[in-house]
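Opening the notebook on this one. I want to look up a serine first, then a strand and its partners.

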Amino acid sequence: MDVQTAVARKTGYSKVWIALKRTDLNDDRITVLREILIPRGADSSTAKQILFHSFGLSNATVLKMRNSHGSMIPVNGSLPVNNKHMPYVLEAVKVFQHIVPKPRTIAVTGINQSMKNRLQSITRRIERLEELVPEIKLRHQEKINQEMELLSQKMIFLNQRMQMADSHCWRGMFTRPPLW
């Protein structure tokens with residue numbers, strides 16, 4: 001173990017060797033091999049910024065990190081230490097370089113038509129209600145008048161019955177004696 005590795009361990013940095021492959025420039029060769037210090041426990045955005053700065057890449061490129069076996073590994077502060085003979089391969093690629101994106105439109109003709117029909121139906125119902133509002137007020141007033149007239153007739157009838165009940169008085173004796 002050399003002195004730089006010992007210093008990196010004591011200071012909390014991972015010393016990793018990274019080889020750069022620029023597939024965004026249509027170059028499949030490994031062009032640069034560098035030793036990079038990444039802080040231990042750093043999140044992926046910090047580690048990516050260190051890699052962008054170290055290799056002079058723009059933030060518009062996508063980074064893919066592969067180990068010595070060719071498997072993709074996450075770019076973060078927990079990268080295991082490696083050596084110069086088995087470096088990590090950092091691939092710089094363009095967004096959608098290997099895949100042609102499909103448009104994200106959903107065919108909503110059926111849904112669109114049904115929503116239009118529902119909207120038209122609701123609009124028609126609202127228009128009908130707006131046309132009937134004056135008529136509804138008149139009907140409501142007529143109903144109230146009919147109920148008031150009915151209550152007035154009942155009150156007159158009850159008043160007559162009360163007057164009849166008040167006009168009878170107690171004379172003190174039954175007209176026929178009870179048969180008990």
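Where does S44 sit? I looked it up: S44 belongs to helix α2, which covers residues 44–55. Worth keeping in mind that I'm working from a predicted model.

Next I checked whether S44 is buried or exposed. Its relative accessibility comes out at 36%, so S44 counts as partly exposed, since that class lies between the 20% and 50% cut-offs.

Then I asked what S44 touches beyond its neighbours within four places in sequence. I found V75 and N76 in contact with S44. I also pulled the C-alpha separation for S44 and N76: 4.2 Å, with the two residues 32 apart along the chain.

On to strand β3, residues 62–66. Which of its side chains are buried? L63 and M65 are, and they point to one face. V62, K64 and R66 point to the other face and aren't buried. I jotted down the general pattern too: side chains in a regular strand alternate between the two faces of the sheet.

What does β3 pair with? I got strand β5 (residues 88–93), antiparallel to β3 and joined to it by five bridges. V62 has V93 as its bridge partner in β5. I also got strand β4 (residues 72–73), again antiparallel to β3, over two bridges. There, R66 stands opposite M72.

Last entry: the β3–β4 hairpin. I noted five residues between the strands, and G70 in this hairpin takes a positive phi near 95 degrees.

Technical notes. Residues numbered from 1 in each chain as written. Predicted model: local features only at pLDDT ≥ 70, side-chain atom pairs only at ≥ 80, totals over all residues. Heavy atoms only, no water. Helix = DSSP H or I, 4+ residues; strand = E, 2+ residues; numbered from the N terminus. Buried < 20%, exposed > 50% of the residue type's maximum accessible area, 1.4 Å probe, protein only. Contact = heavy atoms within 4.5 Å. Pairing = 2+ DSSP bridges.
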